[in-house]
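Got your viewer open and a hand on the mouse? Let's take a walk through this model, one selection at a time.

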Amino acid sequence: SALCEELKISQPPGGTALTFDEAKAIASRIGYPVLVRPSYVLGGRAMQIVHDEAHLQRAMNELAAAGTLGREGGLSAERPVLIDRFLDDATEIDVDAIRDASGEVLIGGVMEHVEEAGVHSGDSACAIPPPTLEPWVIVAVESYTRVIANALDVKGLINVQFAVAGSTVYVIEANPRASRTVPFVAKATGVPLAKVASRVMLGATLAELRTEGLLQPPTNFGHVSVKEAVLPFNRFPGVDTALGPEMRSTGEVMGIDSTFGRAFIKAESAAGTTLPTSGMVFLSLNDKDKPSGLVVAKRLRELGLGIAATSGTADYLSRFGYPVDRVVGKVSEQSQGSIADDAVNLIERGEIEFVINTPRGRGAHSDGEAIRKAANANGVSSVTTVEAALAAVNGLWEQRSSEVEVRSLQEYHGRA
C-alpha cells in the first residue's frame, strides 16, 4: 500500500482489522461490496466477497473461529484480516515479467482474464494476446509492472495482478516469484521464461542471454492462446460449482488457434467441458448479467439450440425479441405447484445438454446452487459466469466454419 502511494499507482481502498467493529468501520468508509481475506494464505483460501453488514459479521466470525486458520495462529496483530473495496464489473489482468540485476525488465506476457474480477486467477480462463483490452491499458500495466519490479529490486520473475474498472487501472497484488501462469506464457510466446529467469537469478543479464541466443523475441504468427482451469467437481458431486475468490482448480490446460473463440473451445474441451451442438440449453442469469445474456441467446438460436429458462430470464429475453422454448420454475415455485417442472427435474431426466447459471450469491438453499449441483451430479457441463458463456457460444459459432485443426507448438512458433 505504501509503495503504491509512493509510485502514484491506484489500488482499491481498504484496511486491516482484528475485530468485527474494526471491519465494519472499514467497510463503512470504503463502501460495499468488500473483499475479506485472511493474511498469509495461498489460493484465496477463506476469501469472501461481502455485500452487507450481516454477511461481514458471519465472515469475521468464521475467520476468528477454530479450524485450519485457527491452528495456524488465527487473528492477531501479525495476521490481521485484509478488507478491500471489491471492484464490480472490473476486468482482471495478469502480467508475468523478469527483471535482471541491471534493471532491465522483460514483459513475458499480458493475460486478460475471461471471467471478471472476483473469480480467483487460478480458476479463471485467460488469453494471450488480450482479446478486448484497449492499447492504453496494455501500455499502463506494462509500465506499472516495470516500475514495481524496479522498486522491489527483483532479480528474476515477478507476477503482478491488475484490475481495470472504467478508466482506472488498479494494482491488486504483486508477487516477486514464479506464477502458475509462467508455463502457459512460455508455451504461448515461445520464450523459455523459466530458463531465462533461472539464468538471471544466477547473475546473467537479459542482454547477455540475447547475445548467446537463449532469449529470442516472442513469436507472433497471429495465434491466440487460452488457459483454462481444470476443476475437480466431477469427483465431488455434492459441491456447488460456482466460482469465486477461493481457488478450487487442480490443474490447467491450454488451447491455441487463429482466433480467441476457437482457442477457447479447444481449452474447454481439454478441461473436460462438453459444449452443446444440439439439444436444449438451460439459461438462468442474475439481473446484472441479463443484457449480456441477449447475446448468448442470439448465438444459441443461430446455432440451432433450444433454450429453457427461469421465468425472470425468460421474460427479459422475450421482451427483447428472444422468446425461449420452455419456461421452468424455480425449485420453490415447483414445490408450491405453480409450475410443473423446474430445472433440476429437467437435468435429472436428461433433457438439458448444458447449463448457464450465473449466481448472485452463495446461499446454502438457493435455487442456483441446487441447479449447479444437479448438473454436476448428472454429468451436465455448466458455466457460472456470463463471460464464459459468451466465450463458449462465440467459439461454437466460429467453429461452424471449419473443423478444429491440430498443430504442434513448434508449428505455431515457426520451428517445425
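Which residue in β9 does valine 164 stand opposite? Valine 164 stands opposite valine 169.

Before the next click, a word on what you're looking at. Residues are numbered from 1 along each chain as its sequence is written. This is a predicted model, where local features need pLDDT of at least 70, side-chain atom pairs count only at pLDDT 80 or more, and totals for chains, interfaces and linings use all residues, while side-chain values use heavy atoms and leave out hydrogens and water.

**Stop 1: the hairpin**

Select residues 156-165, which are β8, and 168-175, which are β9. (Strands are DSSP runs of E with at least two residues, helices are runs of H or I with at least four, and both are numbered from the N terminus.) These two strands pair in the antiparallel sense over 7 bridges; to count as paired, two strands need at least two bridges found by DSSP. Together they make a hairpin with 2 residues between the strands. Click on glycine 166 in the turn: its phi is positive, at about 65 degrees. Now look for asparagine 159, which has asparagine 175 of β9 opposite it.

**Stop 2: the antiparallel sheet**

Add the neighbours and you get an open sheet of 7 strands in the order β9-β8-β5-β6-β7-β10-β11, with antiparallel pairing. β9 and β11 (251-257) are at the edges with a single partner strand each, so one side of each has no neighbour in the sheet. From one strand to the next, the twist averages 25 degrees.

Next, show helix α5 (residues 135-151). It lies across β5, β6 (105-116), β8 and β9, and runs at about 125 degrees to β6. (Angles are between N-to-C directions, from 0 to 180 degrees, with axes fitted to C-alpha atoms, for helices over the stretch in contact; contact means heavy atoms within 4.5 Å.) Then show helix α7 (residues 193-201), which lies across β5, β6 and β8 at about 45 degrees to β5.

**Stop 3: the largest pocket**

Select Arg37, Leu82, Asp84, Ile172 and Glu173: of the 50 residues that line the largest pocket, these lie nearest its centre. The pocket holds about 1,400 Å³ of space. (On a 1 Å grid over the protein atoms alone, a pocket is an open set of points with protein on both sides within 12 Å along at least five of seven lines; a cavity is a set where a 1.4 Å probe fits but cannot get out; lining residues have an atom within 4 Å of a point. Points are joined across faces, edges and corners, and the volume is the space filled by probe spheres set on them.)

Which strand gives the most to this lining? That's β9, with 5 residues. By class, the lining has 24 nonpolar, 17 polar and 9 charged residues. (Nonpolar means Ala, Val, Leu, Ile, Met, Phe, Trp, Tyr, Cys and Pro; charged means Asp, Glu, Lys and Arg; the others, Gly among them, are polar.)

**Stop 4: the parallel sheet**

Now jump to another open sheet, this one of 5 strands with parallel pairing, in the order β14-β13-β12-β15-β16. Its edge strands, β14 (326-328) and β16 (382-383), each pair on one side only. Inside it, select β12 (residues 280-284) and β15 (residues 354-357), a parallel pair with 4 bridges. Serine 284 has asparagine 357 in β15 as its bridge partner.

Helix α11 (residues 311-319) lies across β12, β13 (306-310) and β14, at about 120 degrees to β13. Add helix α10 (residues 290-302): it packs against α11 at an angle of about 70 degrees, with the axes 10 Å apart. That makes α10 roughly perpendicular to α11 (65 to 115 degrees counts as roughly perpendicular). To see where they meet, select Lys290, Pro291, Gly293, Leu294 and Ala297 in α10, then Gly312, Thr313, Tyr316 and Leu317 in α11.

**Stop 5: backbone oddities**

Which peptide bonds are worth a click? The one from tyrosine 32 to proline 33 is cis, with omega near 0 degrees, and proline 33 sits in the loop between α2 (20-30) and β2. Another cis bond joins isoleucine 128 and proline 129, with omega about -5 degrees. Finish at lysine 8, which has a positive phi of about 60 degrees although it is not a glycine; it lies in the loop between α1 and β1.

Conventions: Angles under 35 degrees count as roughly parallel, over 145 as roughly antiparallel, 65 to 115 as roughly perpendicular and the rest as oblique.
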